[in-house]
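Me: I am in my first year and would like a close look at a single part of this protein, namely how one helix packs against its partners. Please go slowly and explain each term as it comes up.

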Amino acid sequence: MTSLVSNERNGRPSADSSAVRAADGASRAGWTILKVVEMRLRFVVLMVGTGLVFGYWDTLANHFEKWSRPTRGAAKVVGGLEYYCPMHPSVVLATSASCPICGMPLAKRALGDAVALPEGVLSLVRMTPGQVAQAGVKTVAVGFRRRDERMTTVGSISFDESRRFQVASNARGSLCLDRVYASSEGVTVQAGQRLADLYGYDMAQAIRVYRDAVVAREAAPADNLPATPLGDPKERVDLAIQGLKVLGVRQNQIEAIAAGSLSSELLPILAPISGHIVRKSIQEGQYVSEGQFLFEIVDLSRVWFVAQVFEDQLGRVEVGRRIEATIPTFPGEVFTGRVALIAPTLDPTTRTAAVRFEIDNPGHRLRPGMYATVTLNLAPESREAKEPTTCPVTGLRLGSMGNPVETEVDGRTIRLCCEGCIAKLKSNPAAYLPRPGTSSEDVVLSVPESAVVDTGSHKIVYVESAPGVFEGRSVDLGPLSGGDYPVLAGLASGERVAAAGAFLIDAESRLNPGATVAKKPASDVAEPLASTSRLRGGREPRLQP
């Protein structure tokens, strides 16, 4: 013991002291390694967590909105008002506050129980004067307008298919094109003109036999053809002609062979009509087989105008209707005709049917492929007086309100749906009746195209029933004509409809269904009802049948 103490005092540690220190260093090194691993694991976990948050941000936000969304039952009726968020229509509170989702101040709107709307009215939208001005809503009165009896569409010029011919080789076997006279497309040829010559050994032998028979017949006396060692000359010609026809030679080619040079053994290809060669598929030296296409010839002395008419307008087009066309190449010139054919099928891509008329083309000025603007005259050739079937005041079908009533206005007998319409009609006849001397087919009750919102299942027009109050009314309309739809049912003359801004009103009814619940007097609400013109988000409108 004394020696150990003396050794430590002398600066020389003992063996036990060294072991303790080595164990202490090992434990410190292990702890350091453990702390390093822990720090790196924390970093990895932090990075993984951050990536998951970014990756599933939308899912987390949707869950948060669901947990924080107040229930509809929590909203109590306070003075017939409720508060909602224009950006999140699902947020509805009973008192004024801020949206818990986006922090936007809540807007105010009337709260009422859903009531049955009048028949044909699908929605009811209330707008303040400021909102009407901001949306650019403009109204026009529904009234009688002269019916546009003309329909304009696009068209083009095409070949007359009855004046289009293809020339093919009719000779048996494979023959060589010895010479091609029609050297290119676009050249003009006359009927019977030589287009090309074909050569083949069998064909040359048959042509030589035919020429020898013709020479022998011409050399014999005209009144008496004595038999020769080769047979009767006339009979020889007939047999030679039969041999040529067996090889596929036509009669006009046989006549051309007889009129040609006596030394020629070539089969001529002749033009069947006068016209232009629009297609050529051969070259000199080429071998052609029986039935192979050689030329296509078109007579352009008469062409077709083909117009494209949409399927919803086909009901007004008839064969024999007067039709006009203008072409940019000839400004100021009008080409007229009558509808000759309406295609029995529609183009599945454009949903149009081809309507054509034929026109003479002297000088070949009109060229197939030219674009044209085609106008169809839809006025009937003869008009017959028809008994009106709707009330001019309400637009309802006569008989729907009971037996029709009659009244005298300006010397005319007018049939109305009920007695309540008599006073309105007599107070302002010009607003409900067409001018005297005009046919009911000339002047019809019309609504502008811009006022109609087509949803697919309904055609909706927003009628201003009171200042700032628009009724979404379902209407029955005829085919579009000159920017106006003829009204068949649902509107009456004198009613004002939204001709500009109708789509914004429709969007308002979908975004703010609380404004479409019922019609309330302005005095029911202490402050103007707020509604939004933002066309984002929103729910389907609450429609009452």
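Reply: What follows looks at one helix and its two partners, and then turns to some single residues in strands and loops.

This is a predicted model, in which local features need pLDDT of at least 70 and side-chain atom pairs count only at pLDDT 80 or more, while totals for chains, interfaces and linings use all residues. Residues are numbered from 1 along each chain as its sequence is written, and side-chain values use heavy atoms, with hydrogens and water left out.

The protein has 10 helices and 30 strands, where helices (H or I, at least four residues) and strands (E, at least two) are DSSP runs numbered from the N terminus. Two packed helices are described by the angle between their axes and the distance between the axes.

The helix to look at is α5 (residues 201-219), whose axis comes within 8 Å of the axis of helix α6 (residues 233-246), the two crossing at roughly 160 degrees. Such an angle makes α5 roughly antiparallel to α6. Here axes are lines fitted to C-alpha atoms, for helices over the stretch in contact, and angles run from 0 to 180 degrees between N-to-C directions; angles under 35 degrees count as roughly parallel, over 145 as roughly antiparallel, 65 to 115 as roughly perpendicular and the rest as oblique. The crossing of α5 with α6 is left-handed, a word used if the near helix is turned anticlockwise from the far one by less than a right angle, with right-handed used if clockwise.

Contact means heavy atoms within 4.5 Å. On the α5 side the residues that meet α6 include A206, Y210, D212 and R217, and on the α6 side they include P233, K234, V237 and L244. The residues of this contact of α5 with α6 divide into 12 nonpolar, no polar and four charged. In this count Ala, Val, Leu, Ile, Met, Phe, Trp, Tyr, Cys and Pro are nonpolar, Asp, Glu, Lys and Arg are charged, and the others, Gly among them, are polar.

The second partner of α5 is helix α7 (residues 251-259), and these two axes come within 10 Å and cross at roughly 60 degrees. The crossing of α5 with α7 is right-handed. In this pair I207, Y210 and R211 of α5 meet I254, I257 and A258 of α7, and the residues of the contact divide into five nonpolar, no polar and one charged.

Now for the single residues. D360 is placed in strand β20 (residues 352-360), and its side chain is joined to that of R302 by a polar contact of 2.4 Å, which is a pair of N or O atoms within 3.5 Å; within protein, one must be able to donate a hydrogen and the other to accept it, and residues adjacent in sequence count only if both atoms are side-chain atoms.

Y462 lies in strand β26 (residues 459-466) and is buried, with a relative accessible area of 1%; buried means under 20% relative accessible area, exposed over 50%, and partly exposed in between (1.4 Å probe, protein chains only). T407, in strand β22 (residues 405-409), also counts as buried, at 7% relative accessibility.

R351 is found in the loop between β19 (341-342) and β20, where its phi is near 55 degrees, a positive value in a residue other than glycine, and at 36% relative accessibility R351 counts as partly exposed.
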